[in-house]
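Reader: I like to see the reasoning behind each label in a structure description. Could you take me through some of them?
Author: Gladly; here is what we will be looking at.

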Amino acid sequence: RPNSLTITGDGGLGKSYTVYAVLKNLSLEEEHDYVVCRGASTPKALYRFLYENREKIVVFDDCDSVLLNEASVNLLKAALDTCSTRTVSWRTERPGDEDSALPNRFNFEGKVIFISNLRLSRIPQPLISRSLFVDVSMTTDEKISRMRAIAPDVMPTVPTSAKLEVVDLLNQYRNRTADLNIRTLVKLTEVRMSQPTGWREIG
């Protein structure tokens, strides 16, 4: 069975929010049960990260460098193999450097979750074949529906009615909004709360 899950789609639509909510609902704790890698990572750093967390769920959140680097992809292919034993190896040509404390091979027993804004065509095929794949790219109607559904949980101190007013305004100007997502909802809600009378004109 696959040892990883890949979730792709437009940014700002709650991919990360949903993943962390599910992990929390499963009573899993960050650092103890799962770890998160954000931003860029070199192949060496990836090897160390996988080794140090070889029995955990490793979440790559907006860490597309591991998906676009050939050496990193090869490490991930080994970590996510469907064999009963998944051996990851690293051959260094410089014994005695900062990586000398690492073994040159280890068995990875964890799971991996990739959260990415990359399109399917840019995800390496060997990783797709080793993963459950979910593409959450949405139409404009689906984005508006998603924002309505998630509004009660976004900015919980703000009345849901105020957030739904913002969603209605975004829907009204949907064809003029280049960045239609939950981040836009949050920004405009902040305007809504700071300027309760003239926020529609400001927004």
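Reader: Why is Ser41 called buried?
Author: In this predicted model, Ser41 has a relative accessibility of 13%. Buried means under 20%, so Ser41 earns the label. Ser41 lies in the loop between S2 and H2.

Reader: What makes the link between the side chain of Ser41 and the backbone nitrogen of Leu46 a polar contact?
Author: The side chain of Ser41 reaches that nitrogen at 3.5 Å. The cut-off is within 3.5 Å, so this pair is counted as a polar contact. Setting aside residues up to four places away in sequence, Ser41 touches Leu46, Cys63, Ser65 and Val66.

Reader: How do you know that Cys37 is not in a disulfide with Cys63?
Author: The sulfur of Cys63 is the closest cysteine sulfur to that of Cys37, at 3.7 Å. A disulfide needs the two sulfur atoms within 2.5 Å, so this pair is too far apart for a bond. A search of the whole structure finds zero disulfides.

Reader: And which label does each of Cys37 and Cys83 get, buried or partly exposed?
Author: Cys37 counts as buried, because its relative accessibility is 10%. Cys83 has a relative accessible area of 45%. That value falls between the 20% limit for buried and the 50% limit for exposed, so Cys83 is partly exposed.

Reader: Why is Arg91 called exposed?
Author: Its relative accessibility is 58%, and exposed means over 50%, so Arg91 is exposed. Arg91 is found in the loop between strand S4 (87-89) and strand S5 (105-107). Its contacts, leaving out residues up to four places away in sequence, are Asn104 and Arg105. Pro103 is 12 residues from Arg91 in sequence, with 9.5 Å between their C-alpha atoms.

Reader: What makes Arg192 buried?
Author: Arg192 has 15% relative accessibility, which is under the 20% limit, so Arg192 counts as buried. Arg192 is found in helix H8 (residues 182-194), and a polar contact of 2.9 Å joins its side chain to that of Glu165. Beyond residues up to four places away in sequence, Arg192 touches Ala162, Glu165, Val166 and Trp199.

Reader: How do helix H7 (residues 160-172) and H8 pack?
Author: They pack at an angle of about 120°, with their axes 9 Å apart. Their crossing is right-handed. On the H7 side, the residues that meet H8 include Ala162, Glu165, Val166 and Leu169. Among their partners in H8 are Leu185, Leu188, Arg192 and Met193.

Reader: Which residues have the most contacts inside the largest nonpolar core?
Author: They are Leu50, Phe60, Val66, Leu76, Phe108 and Phe114, in a core of 26 residues. The elements that give two or more residues to this core include strand S2 (34-38), helix H2 (43-52), strand S3 (57-61) and strand S6 (111-116). Phe114 touches Phe60, Val66 and Leu76, among other residues. A second, separate core has 13 residues, including Ile144, Met147, Ile182 and Leu188. In soluble globular proteins, nonpolar side chains tend to be buried together.

Reader: How do you know that Leu13 is buried?
Author: Leu13 has 3% relative accessibility, under the 20% limit, so Leu13 is buried. Leu13 is found in the loop between strand S1 (4-8) and H1. Arg146 is 133 residues from Leu13 in sequence, yet their C-alpha atoms are 7.5 Å apart. The contacts of Leu13 include Arg146, Val136, Leu180 and Ile182.

Reader: What is the phi of Glu31 and of Met155?
Author: Phi is near 80° for Glu31 and near 50° for Met155. Both values are positive, in residues other than glycine. Most residues other than glycine have a negative phi. Glu31 is in the loop between helix H1 (15-25) and S2, and Met155 is in the loop between helix H6 (140-150) and H7.

Reader: Which of the two labels, exposed or partly exposed, fits each of them?
Author: Glu31 is exposed, because its relative accessible area of 51% is over 50%. Met155, at 21%, is not under the 20% that buried requires, so Met155 is partly exposed.

Note on methods:
Residues numbered from 1 in each chain as written. Predicted model: local features only at pLDDT ≥ 70, side-chain atom pairs only at ≥ 80, totals over all residues. Heavy atoms only, no water. Helix = DSSP H or I, 4+ residues; strand = E, 2+ residues; numbered from the N terminus. Buried < 20%, exposed > 50% of the residue type's maximum accessible area, 1.4 Å probe, protein only. Contact = heavy atoms within 4.5 Å. Polar contact = N/O pair within 3.5 Å; in protein donor to acceptor, adjacent residues only side chain to side chain. Core = buried A, V, L, I, M, F, W, Y, C linked by side-chain atoms within 4.5 Å. Axes fitted to C-alpha atoms, helices over the stretch in contact; angles between N-to-C directions. Left-handed = near helix turned anticlockwise from the far one by under 90°.
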